[in-house]
Amino acid sequence: MSGPILTDGRRGSVLLVVLVVVALMTIGGMAYFDWSFIEHRAAQAYARQIQSRALADSGIVMVETLLLEEPLVLEQQGGLYQNPSLFQGVVISDSDAAALRARVSIVAPLMDYGEYIGYRFGLENESARLNLNTLLLADDYAENGARLQLMALPGMTESIADAILDWLDEDDDIRDLGAESQYYSSLDEPYEPINGPLESIDQLLMVRDVSVDLLYGLDSDRNGVVSPAESMRVLPGEIDNSTGQMNRGWAAYFTLYSAEALLTPEGEAKIDVNMEDLEELHSLLEAALGVEQANFIVAYRQGGAADADANNNAISAAGVSIDFQQPGSETITSLLSLVGVDVEFSDNGAPAVLRSPFPESAGSYGSFLPDLLDNLTVSSSETMVGRLNVNQAPRALLNSIPNMPVEAVEQIIAARTPEVTPDRPERRHAEWIMMDGIVDLETMKQLAPLLTGGGDVYRVQSIGFFDEEGPSTRIEAVIDDTGPTPKLLSRLDLTPLGAGYSAAELGATDPTAAGDSPAP
């Protein structure tokens with residue numbers, strides 16, 4: 001017996017079901033394909049971000065490698081301050097496709113006549129910043145020296161300055177307008193002040209009345225340029241930012257890391273004029289400076305400075321004989337204390353006075369001070385921490401130095417160059433401002449403990465990017481070059497703050513490259 005025969009209506013129903021199933025399968029397949037494509041793009045984007053991070057890290061390694069070079073070699077290559085050939089758009093992985101051409105750039109703040117105005121391709125010397133962890137030492141050179149240094153910063157108030165100093169000092173005594181544990185423990189979420197060295201500049205945000213706007217200014221993406229959107233923000237209080245001093249906030253003026261190696265220009269250890277073995281000291285001094293200078297310095301260690309009215313009878317130190325059995329009773333606290341003074345001396349038991357081979361005469365300083373400063377030190381330490389680089393510091397920080405004449409700041413800014421040039425090698429030392437007649441000897445003696453002409457710790461912003469259609473990574477790093485090999489002190493990822501720069505600005509060469517636009 002034959003089965004039932006389907007009617008036309010039932011055939012139509014089956015066809016409709018088949019069509020629905022096919023449509024659902026098609027939609028499912030398209031959704032799966034779309035999901036797979038999105039996952040593939042996401043994986044690609046993640047891989048590209050990882051690659052850009054590796055590029056930024058390679059820029060840090062590149063800088064560390066460059067710092068191993070001799071200073072003369074770096075000078076011949078264009079130096080470290082402003083050198084696009086070394087630091088702009090360096091190709092790490094080349095390709096004919098712009099999207100695959102990988103680069104790194106090293107960026108630092110650009111300064112013009114003492115004010116920050118943008119960015120450059122090079123390294124930032126940390127000694128151009130005020131070291132907060134050595135700030136309290138300024139009190140040793142001037143009354144309230146540390147407070148005066150903070151008060152020179154734009155937007156600083158007396159109460160915030162005292163609060164910062166209370167946060168840094170070891171005691172729990174409250175300064176006139178400061179704050180100690182009594183204040184912080186009374187907050188809704190209480191905490192204790194550090195009362196010691198900072199580990200991060202961001203810790204200042206825990207200090208009473210220090211805000212993000214004061215610490216970081218208008219430049220929220222930290223690219224050295226205030227965009228139109230950033231310029232619409234308003235800084236707190238009555239802060240005068242007409243010259244852009246607060247564009248980057250107080251963080252642009254602060255560091256925790258500045259230091260310099262006490263080495264000769266050839267990279268050798270300097271001679272410690274306060275070493276105990278005077279015979280060895282004399283031998284080293286004679287080889288570096290000559291017999292007259294060696295005799296004079298050792299005699300100074302033994303007898304100290306003579307009375308000012310004894311100089312009429314002074315004799316040259318060149319022909320005397322030093323008795324090395326006589327111990328050193330004087331400590332030389334500054335090499336400038338050797339300038340323009342005579343020395344008491346015992347010549348075979350007879351008292352005598354030795355005439356200084358380092359005369360106090362502005363026209364003579366250049367003939368002996370560079371050699372003196374290049375080769376000698378008054379410290380047995382391998383490094384000096386916290387002095388301010390007179391060649392690169394902004395105007396606000398030069399004005400902050402205790403005992404700095406106001407008129408001298410503008411003269412320094414007008415005369416200086418950010419890097420030492422072959423025709424002015426003495427600018428390795430802050431004392432060039434005395435050699436140029438900007439300050440006198442007595443003023444320089446007061447300034448010298450706080451000033452330097454160099455520094456061997458550097459801050460870099462390393463940016464890894466592609467010429468086209470790719471992410472970028474920005475890493476800010478601080479590198480210590482005071483030792484035999486460079487050492488990474490800090491590493492901060494700035495990528496979450498925005499791209500900061502376009503690929504074209506960083507050195508992309510493809511004419512169609514747009515890269516990531518600067519963050520608004």
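The largest cavity in this predicted model has a volume of about 60 Å³. A search of the whole structure finds two cavities of 30 Å³ or more. The lining of the largest cavity is formed by Y81, P109, L110, M111, Y116, R120, E124, A128 and Q392. Two elements, β2 (102–112) and β3 (115–121), each give two or more residues to this lining. Of the contributors, β2 gives the most, with three residues. Sorted by class, the lining of the largest cavity holds six nonpolar, one polar and two charged residues.

An open site can be set beside this enclosed one. The second largest pocket has a volume of about 630 Å³. It is lined by 34 residues, of which Y216, R222, R459, E476 and L492 are the closest to its centre. Strand β2 appears again here: along with β15 (457–466), β16 (473–480) and β17 (487–493), it gives two or more residues to the lining of the second largest pocket. The largest share, four residues, comes from β17.

The two linings are set out by residue class below.

| Site | Nonpolar residues | Polar residues | Charged residues |
|---|---|---|---|
| Largest cavity | six | one | two |
| Second largest pocket | 18 | five | 11 |

The overall fold provides the setting for both sites. The chain has 16 helices and 17 strands. Of its 520 residues, 49% count as buried. Among contacts between residues at least 6 apart in sequence, 65% join residues at least 24 apart.

In soluble globular proteins, nonpolar side chains tend to be buried together. In this model the largest nonpolar core has 95 residues, and L150, L204, W250 and I433 touch the most other members. Helix α5 (residues 158–168) supplies the largest share of this core, seven residues. Apart from this core lies another, of 26 residues, among them F121, I475, A503 and A508. Which residues does I433 touch, not counting those up to four places away in sequence? They are V390, I412, I438, V439, M444, L447 and L451.

Two helices illustrate how elements are enclosed. Helix α11 (residues 365–375) is largely enclosed by the rest of the structure, because eight of its 11 residues are buried. These buried residues are Y365, F368, L369, P370, L372, L373, D374 and N375. They pack against β8 (271–272), α9, β11, α14 (432–435) and α15 (441–447).

Helix α10 (residues 291–303) has its own set of buried residues: A294, N295, F296, I297, V298, A299, Y300, R301 and Q302. What covers them includes α9 (278–288), β9 (343–347), β10 (350–354) and β11 (376–377). Elements α9 and β11 thus have a part in the surroundings of α10 and also pack against the buried residues of α11.

The length of α10 can be checked against its residue count. At 1.5 Å a residue, its 13 residues should span 18 Å, and the end C-alpha atoms are 18 Å apart, so the two values agree. Just after α10, G304 takes a positive phi of about 75°.

Conventions: Residues numbered from 1 in each chain as written. Predicted model: local features only at pLDDT ≥ 70, side-chain atom pairs only at ≥ 80, totals over all residues. Heavy atoms only, no water. Core = buried A, V, L, I, M, F, W, Y, C linked by side-chain atoms within 4.5 Å. Buried < 20%, exposed > 50% of the residue type's maximum accessible area, 1.4 Å probe, protein only. Contact = heavy atoms within 4.5 Å. 1 Å grid on protein atoms, 1.4 Å probe; cavity = no way out; pocket = protein on both sides within 12 Å on 5 of 7 lines; lining within 4 Å. Points joined across faces, edges and corners; volume = space filled by probe spheres on them. Nonpolar A, V, L, I, M, F, W, Y, C, P; charged D, E, K, R; others polar. Expected span 1.5 Å × (residues − 1).
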